[in-house]
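I opened the file to take notes on the ligand shell, the helices and a few single residues. My entries follow in the order I looked things up.

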Amino acid sequence: MRREIGHGFAPDSELVRVRDAGELPQLGLDLPQYGHFDVTAITRYDDVRELLGSGDVVMGPSSEAQTSGTLANIPGYFIYYDGPEHARIRRMVSRWFTVKNIQRLRPRIEEIVNESLDSFEALGGAGDFFSQFALHVPTRVICEILGIPFEDSGDFQQWTLDILSLSSATETAISAVAALRAYLRERVVVAKATAAARDDLISALITENEGEITDEEIVGIAMFVLIAGHETTANAITVGTLALLEHPDQAAAVRDDDSVVRTAIEELLRYLSLAVGVHRLVARDTTIAGRDFSVGERITFSLLAANNDPALVGDLPELDISRKPVPHVGFGFGIHQCLGQHLARLELTVAIPAVLRRFPNLRVTVPAAEIEFRRDAPIYGVASLPVAW
Ligand code: HEM
């Protein structure tokens, strides 16, 4: 279920082989905070959509007893919810993430991108694109959305890394979960005192859902939005820029022609397929690709394989920003499909062309084979990206 080492983006040859042969390989999956699981991998585009879009699968770990203190047991952490409880929370949050509401953030996101580029440029002629530029943009945006101080971001970025990294010790992850919840509890107390006068998500959850939501649920929702909202987009800005630098003609088009940016970002989201940890538990006996699945079996989905499937992109899976946008599954599919997708698209649409315009000679300063891709997190990305301009 990997990408080709040394290339960084394409699905590896074994993944392509099993998909094209219609095989459903059995894998052993080690999730340190949850244990070892035997899973079946679904890789074909049609099968991914059919199964994720059906009611036959549910979120896995939360439906079983789990190590206390891990993510699975947190009220409001709704990606792990199923059925009506999931729908109830998702409805409350989705009001905030509509296209219209997100579009009104555009001028502020442009300012944030420009200020972050100013600080990056002030480093002189070189720096780490990921930590010194890309991470700043979505972190500042998500802080403003939630109404929490950007000055605290050093703390919650570290907690997020400790929580998400598959290489974290269980105790480290559990204490990071506790620290982040305690921090957000304080923010909810602060927001409650002034919610009516504020325009952020935490305040909206408080004022719009009185009597229908507990404070602990608000903490859990804020926690997931915070975690989902900064690492993901920071990685997308970084590897999206990297992918374009590897295709200089396409980078030039994005830099010079506003009219191609929207389709270019959609194609990047397909090509990069950043989300890796999409797992489910079979809740109803079902048949997929000729194989019978029984209740309790575990499934993992390769969005990367699906987004490169000839059924979606013919024989041309390579990056092509002139491709007419295809209905890719880079944001997942079904009831858990990414709630932050309009925000992610907007941030990428503003940030990537701005980077290419500010630094027309941007280049990576380590050989491609030495770029350190992260393989220990649910979002694919790099540990750092040394660049010069
Ligand atoms: C390029 C950036 C992003 C990518 C690739 C991405 C990808 C995904 C994927 C694949 C899922 C579904 C996971 C599953 O089905 O198991 C998901 C869910 C979610 N994402 Fe994103 N995401 C991104 C950015 C964001 C941002 C910026 C936010 C919020 C501010 C966000 C909030 C969420 C939420 C709340 C869910 C859970 C929805 C639910 O369970 O109903 N995401 N994301």
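**Ligand shell**

I sorted the residues around the ligand by class. The shell has 15 nonpolar residues, seven polar and one charged. I kept in mind that this is a predicted model. I then looked for the nearest residues. Of the 23 around the ligand, Gly229, Ala275, Gly332, Cys338 and Gly340 come nearest.

Which helices each supply at least two residues of the shell? I found helix H11 (215-245) and helix H16 (341-358). H11 gives the most, with seven residues.

**H11 against H16**

Both helices serve the shell, and I checked how they pack. Two packed helices are described by the angle between their axes and the distance between the axes. The axes of H11 and H16 come within 10 Å and cross at roughly 35°. The crossing of H11 past H16 is right-handed. I listed the contact residues next. H11 brings Thr232, Thr233, Ala236, Ile237, Gly240 and Thr241. H16 brings Ala344, Glu347, Leu348, Ala351, Ile352 and Val355. By class, this contact of H11 with H16 holds seven nonpolar residues, four polar and one charged. I noted the spacing of the numbers on each helix. An α-helix has 3.6 residues a turn, so residues three or four places apart point the same way.

**H9**

I tested the length of helix H9 (residues 170-194). H9 has 25 residues, and at 1.5 Å a residue they should span 36 Å. The end C-alpha atoms of H9 are 37 Å apart, so the model agrees with the expected span.

Which residues of H9 are buried? I read off Ala173, Ala176, Val177, Leu180, Arg181, Leu184, Arg187 and Ala191. Two arginines, Arg181 and Arg187, are in that list. I then asked what covers these residues. The cover includes helix H8 (153-164), helix H10 (201-208) and H11. H11 also gives seven residues to the ligand shell.

**Thr160 on H8**

I picked Thr160 in helix H8. Is Thr160 buried or exposed? Thr160 counts as buried because 21 C-beta neighbours lie inside 10 Å, and the cut-off is 20 or more. Leaving out residues up to four places away in sequence, Thr160 touches Ile227 and Glu231. Both numbers fall within the range of H11 (215-245). I also took one long distance. Thr160 and Phe120 are 40 residues apart in sequence and 23 Å apart in space, C-alpha to C-alpha.

**Leu205 on H10**

Leu205 lies in helix H10. I counted 28 C-beta neighbours inside 10 Å, so Leu205 is buried. Not counting residues up to four places away in sequence, Leu205 touches Met92, Ile213, Ile218 and Ile221. Ile218 and Ile221 fall in the range of H11 (215-245). Leu205 and Ala195 are 10 residues apart along the chain, and their C-alpha atoms are separated by 9.1 Å.

**Pro25**

I moved to a loop. Pro25 sits between helix H1 (13-21) and strand S1 (26-31). Pro25 is partly exposed, because 17 other C-beta atoms lie within 10 Å. Beyond residues up to four places away in sequence, Pro25 touches Val18 and Ala41. Pro25 and Thr43 are 18 residues apart in sequence, with 9.3 Å between their C-alpha atoms.

**Positive phi**

Last, I looked at two residues other than glycine with positive phi. Ser273 has phi near 40°. Ser273 is in the loop between helix H13 (261-272) and strand S5 (278-282). Ser273 is buried, because 22 other C-beta atoms lie within 10 Å.

Ala289 has a positive phi of about 50°. I placed Ala289 in the loop between strand S6 (286-288) and strand S7 (291-293). With 16 other C-beta atoms within 10 Å, Ala289 is partly exposed.

Notes:
Residues numbered from 1 in each chain as written. Predicted model: local features only at pLDDT ≥ 70, side-chain atom pairs only at ≥ 80, totals over all residues. Near = placed C-beta within 6 Å. Helix = DSSP H or I, 4+ residues; strand = E, 2+ residues; numbered from the N terminus. Nonpolar A, V, L, I, M, F, W, Y, C, P; charged D, E, K, R; others polar. Axes fitted to C-alpha atoms, helices over the stretch in contact; angles between N-to-C directions. Left-handed = near helix turned anticlockwise from the far one by under 90°. Contact = placed C-beta atoms within 7 Å. Expected span 1.5 Å × (residues − 1). Buried ≥ 20, exposed ≤ 12 C-beta atoms within 10 Å, placed from the backbone.
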